[in-house]
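Me: I would like a close look at a single part of this structure. Please give one connected account, with the criteria stated.

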Amino acid sequence: MNLIDGKKVAAEIKQEIAEEVKKIIDNGGKQPHLAAILVGHDGGSETYVAYKIKDCEAVGFKSSLIRYEDDVTEEELLAKVEELNNDDDLDGFIVQLPLPKHISEQKVIEAIDPKKDVDGFHPINVGRMVIGLPSFVSATPYGIVELLKRYNIETSGKNCVVLGRSNIVGRPMSVLMSQKAINATVTVAHSRTANLKEVCANADILIVAMGVPEFVTADMVKEGAVVIDVGTTRVKSDKTKSGWKLKGDVLYDEVAPKCSYITPVPGGVGPMTRTSLLLNTLLSAKKEIYK
């Protein structure tokens, strides 16, 4: 069994980005600039945005954080999105989800200029990805593809099962895995799939994004499979100082011995998700997606 070390790969990619940013600035180019809008005080969102700001510093990006309280109106938020769309210094920005109930997440996502949508959530970027045009790809699928490449994992002709069908992970993941650069044969499975155990046990590559802790057990995984665990659920634990522990969607101790490769939680897909946002911002700064 080989461990896919997302932390290590993310550190390598950040080093590569930092070197490229230094070259851009040394040649008189503009420092890439990423902004984040954070609404309210959700613990997970606060942590994630703080990491993003640190990541920007590490690679030489300029970063901005725009904060609002939970009671911000949808109109105010949409006006700020429009302002950022028109800010020529800004290469990309994200609106951290989830948003309060009184704000339509979809309306906010669609208000972002696709050219600055480094989260890859805008329908135009999703559509471009589906038909194989250059696009900003949502960060988690982008990070997973990068991990498979960097570990030289054979994907061509392989049977890939994507467990989960969210717009952020499952759906884009299934499209990317079926494209010519990867050439896997893809099945999208979910909680309503008949014979789910057998479907998963037939996978050469199993990508699990259900959001259900320890859902995948050893009898759902075939010998020698590659298992990518996207799940990160905080569960109570009396074994940690914080009283919480992160658990993946895969029952790791039971499944790992059967795998040729597996991602741990934490330290697998998570660090790559953050790094993919930096990669998208760099692509935007270099005008490589939208000329």
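Reply: The account below concerns one helix and its surroundings, followed by a sheet.

This is a predicted model, in which local features need pLDDT of at least 70 and side-chain atom pairs count only at pLDDT 80 or more, while totals for chains, interfaces and linings use all residues. Residues are numbered from 1 along each chain as its sequence is written, and side-chain values use heavy atoms, with hydrogens and water left out.

Helix α10 spans residues 269-285 and includes Ser284; helices are DSSP runs of H or I of at least four residues, and strands are runs of E of at least two, numbered from the N terminus. Ser284 counts as buried because its relative accessibility is 8%, buried meaning under 20% relative accessible area, with a 1.4 Å probe and protein chains only. Beyond its neighbours within four places in sequence, Ser284 is in contact with Asp91, Lys115, Val118 and Phe136 (contact: heavy atoms within 4.5 Å).

Helix α6 (residues 139-150) and α10 have axes that come within 7 Å and cross at roughly 105°; axes are lines fitted to C-alpha atoms over the stretch in contact, with angles from 0 to 180 degrees between N-to-C directions. The two helices, α6 and α10, are therefore roughly perpendicular, a label for 65 to 115 degrees. Among the residues making this contact are Tyr142 and Ile144 of α6 and Met272 and Leu283 of α10.

The sheet is open, with 3 parallel strands in the order β3-β2-β4; two strands pair if DSSP finds at least two bridges between them. Because β3 (62-68) and β4 (92-95) each have a single partner strand, one side of each lacks a neighbour in the sheet. Strand β2 (residues 33-39) pairs with β4 over 4 bridges, and Leu34 has Gly92 of β4 as its bridge partner.

Technical notes
Buried < 20%, exposed > 50% of the residue type's maximum accessible area, 1.4 Å probe, protein only. Parallel < 35°, antiparallel > 145°, perpendicular 65-115°, else oblique.
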